[in-house]
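Colleague: I've got the model open next to the sequence. Can we go through it piece by piece?

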Amino acid sequence: MATLAKERDALFASLAQTAPEEFVLANAGLLDAYFSESFAQSRSGPSLNFVENPFAVIALGGYGRCEQCVHSDVDVMILFGKSVPKNADELVRDIVYPLWDIGLEVGHAVRSVRECVMMAGDDIEVLASFLDARFVCGMSCLYDEFSSRIADHSLSGRKGKRMIQSLVEVNRKRHDDYGDSTFLLEPNLKEGAGGLRDYHILLWIGKIGFNIKELIDLEYQGVLTHHEYEDLT
């Protein structure tokens with residue numbers, strides 16, 4: 001933990017000289033290294049029967065997109081292949097609590113793959129967070145299973161089209177609530193029209209409708225022209 005705090009201080013001290021896209025990637029990388037090390041050294045990990053019930057640490061939200069800004073929450077999920085064991089909270093204490101000790105805001109969840117699949121089918125916001133999911137450490141094939149089952153249950157065929165329509169409706173309501181940032185004295189740069197959340201919606205629709213992995217895939221698939229892609233980036 002002392003290492004993470006020291007490395008974050010050094011990274012933040014270089015903020016003015018670091019390109020934004022390099023900073024957010026490096027900031028996410030520091031957290032990746034912390035989780036990998038703390039996962040491996042966890043005192044409770046061996047008691048959770050990794051072989052019979054594999055588990056993994058999954059990054060969500062901005063952290064999952066490797067867009068970890070200065071004041072961003074750290075959104076993370078501990079994913080179990082089968083049911084969540086009763087002593088899973090011990091693993092949370094080992095790897096999550098120390099982050100609170102150095103002043104980070106951590107949003108964490110402990111879920112089984114089955115729970116994730118059911119929740120994604122019922123809640124568009126939960127599904128959106130899973131679309132940003134990224135494997136950090138633990139059993140990597142569990143993440144593959146999680147992604148595959150989410151895709152099969154919520155993103156294919158008519159279900160995918162319904163999810164896209166839900167995202168469009170959520171986006172339209174958000175624009176009604178926050179307005180067009182162009183004409184506001186104090187615009188909400190995340191939620192307002194043209195703000196960061198519009199970019200996220202575009203990515204989520206791209207992942208559902210066109211199975212993109214990277215933003216550039218929208219150009220490769222002909223969804224965006226080269227000039228549109230350049231404008232977007």
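Modeller: Sure, terms first: two strands pair if DSSP finds at least two bridges between them. Helices (H or I, at least four residues) and strands (E, at least two) are DSSP runs, numbered from the N terminus. This is a predicted model, where local features need pLDDT of at least 70, side-chain atom pairs count only at pLDDT 80 or more, and totals for chains, interfaces and linings use all residues. Residues are numbered from 1 along each chain as its sequence is written, and side-chain values use heavy atoms, with hydrogens and water left out.

Colleague: Okay, which residue in strand 3 does Leu79 stand opposite?

Modeller: Leu79 belongs to strand 2, residues 74-80. Strand 2 runs parallel to strand 3, and seven bridges link the two. One of the bridge partners there is Gly107, for Asp75. As for Leu79, the residue across from it in strand 3 is Arg111.

Colleague: And what is the strand order of the open sheet?

Modeller: Strand 1 pairs with strand 2 in the antiparallel sense over five bridges, and Phe55 has Phe80 of strand 2 as its bridge partner. Strand 3 (106-112) and strand 4 (134-138) are at the edges with a single partner strand each, so one side of each has no neighbour in the sheet. With mixed pairing, the four strands come in the order 3-2-1-4.

Colleague: Which helix packs on that sheet, touching strand 1, strand 2 and strand 4?

Modeller: Contact here means heavy atoms within 4.5 Å. Axes are lines fitted to C-alpha atoms, for helices over the stretch in contact, and angles run from 0 to 180 degrees between N-to-C directions. On that basis, the helix that touches those strands makes about 30° with the direction of strand 4, and it is residues 20-41, helix 2.

Colleague: How many residues of strand 2 are buried?

Modeller: Buried means under 20% relative accessible area, exposed over 50%, and partly exposed in between (1.4 Å probe, protein chains only). Over the whole chain, 40% of the 233 residues count as buried. Strand 2 is mostly covered, and of its seven residues the buried ones number six.

Colleague: Moving on, at what angle do the axes of helix 9 and helix 10 cross?

Modeller: Helix 9 is residues 157-178 and helix 10 is residues 196-210, and their axes come within 10 Å. Angles under 35 degrees count as roughly parallel, over 145 as roughly antiparallel, 65 to 115 as roughly perpendicular and the rest as oblique. The helices cross at roughly 170°, and that makes helix 9 and helix 10 roughly antiparallel. The contact includes Met163 and Leu167 of helix 9 and Ile201 and Trp204 of helix 10, while the crossing angle itself is roughly 170°.

Colleague: Last one: how far apart in space are Gly61 and Asp132?

Modeller: Gly61 lies in helix 3, residues 61-64, and is buried, with a relative accessible area of 15%. Leaving out residues up to four places away in sequence, Gly61 touches Asp75, Ser129 and Asp132. Gly61 and Asp132 are 71 residues apart in sequence, yet C-alpha to C-alpha the distance is 5.7 Å.
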